[in-house]
Amino acid sequence: WYQDLQYQIYPVSETPFSTIIIGDSNTKPIKFGSGAGTMGQSFPGKRTKASTIKSINPIECIGYSNAILVCGTNDLRVENLKEAGAIHQLVDVLALKIKQIKELCPRIKLFVPAVLPSRS
């Protein structure tokens, strides 16, 4: 699938212990770098937005040793689950995204925590 994509290869991180967090608005407060309120220099990486499972871009994982996928809350809103089997379709899309990440980055450690609760 990815051989047909037109994409830019992102530079490989200088450290083998870098992490990318791909997540919805629940991950917005997470900041990498140095200084107060950040993950610190000993935990390098970046956070990138994916408001839905479908919007996860596997190419963004290239060059990272760890990836954390923290999304799905928006997908599980009542207005998005109108037909029978909608949750099964979401699981299928997530499985495809995980497969694509593993094909692009076979040595990456991939973490998928449980979907975080929402106020709505």
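Student: Which strands are included in what covers the buried residues of helix 1?
Tutor: The model is predicted: local features need pLDDT of at least 70, side-chain atom pairs count only at pLDDT 80 or more, and totals for chains, interfaces and linings use all residues. Residues are numbered from 1 along each chain as its sequence is written, and side-chain values use heavy atoms, leaving out hydrogens and water. Helices (H or I, at least four residues) and strands (E, at least two) are DSSP runs, numbered from the N terminus. Going by contact (heavy atoms within 4.5 Å), the cover of the buried residues of helix 1 includes strand 3 and strand 4.

Student: What arc do the buried residues of helix 1 cover around the axis?
Tutor: Buried means under 20% relative accessible area, exposed over 50%, and partly exposed in between (1.4 Å probe, protein chains only). The buried residues of helix 1 are Ala86, Leu90, Lys97, Gln100, Ile101 and Leu104. They lie on the same side of helix 1, because their arc (taken from the directions from the helix axis to the C-beta atoms) is only 100 degrees.

Student: Which exposed residues does the face of helix 1 turned away from its buried side carry?
Tutor: Helix 1 consists of residues 86-104. On the face turned away from the buried side, the exposed residues are His88, Val91 and Asp92.

Student: How far apart are the end C-alpha atoms of helix 1?
Tutor: The expected span is 1.5 Å times one less than the number of residues. For the 19 residues of helix 1 this gives 27 Å. The distance between the end C-alpha atoms agrees, at 27 Å.

Student: What is the order of the strands in the open sheet?
Tutor: Two strands pair if DSSP finds at least two bridges between them. Strand 1 and strand 3 run parallel and are joined by five bridges, with Ile20 opposite Ala67. Strand 3 and strand 4 pair in the parallel sense over three bridges, and Ile68 stands opposite Phe111. The four strands have the order 2-1-3-4.

Student: Which strands stand at the edges of the sheet?
Tutor: A strand with a single partner has one side left without a neighbour in the sheet. This applies to strand 2 (45-49) and strand 4 (109-111).

Student: Which element gives the most to the largest nonpolar core?
Tutor: A nonpolar core is a set of buried Ala, Val, Leu, Ile, Met, Phe, Trp, Tyr and Cys residues joined through side-chain atoms within 4.5 Å. The largest has 17 residues, and Ile20, Ile101 and Cys105 are among those that touch the most other members. Strand 1 (19-23), strand 3 and helix 1 each give two or more residues. With three residues, the element that gives the most is helix 1.
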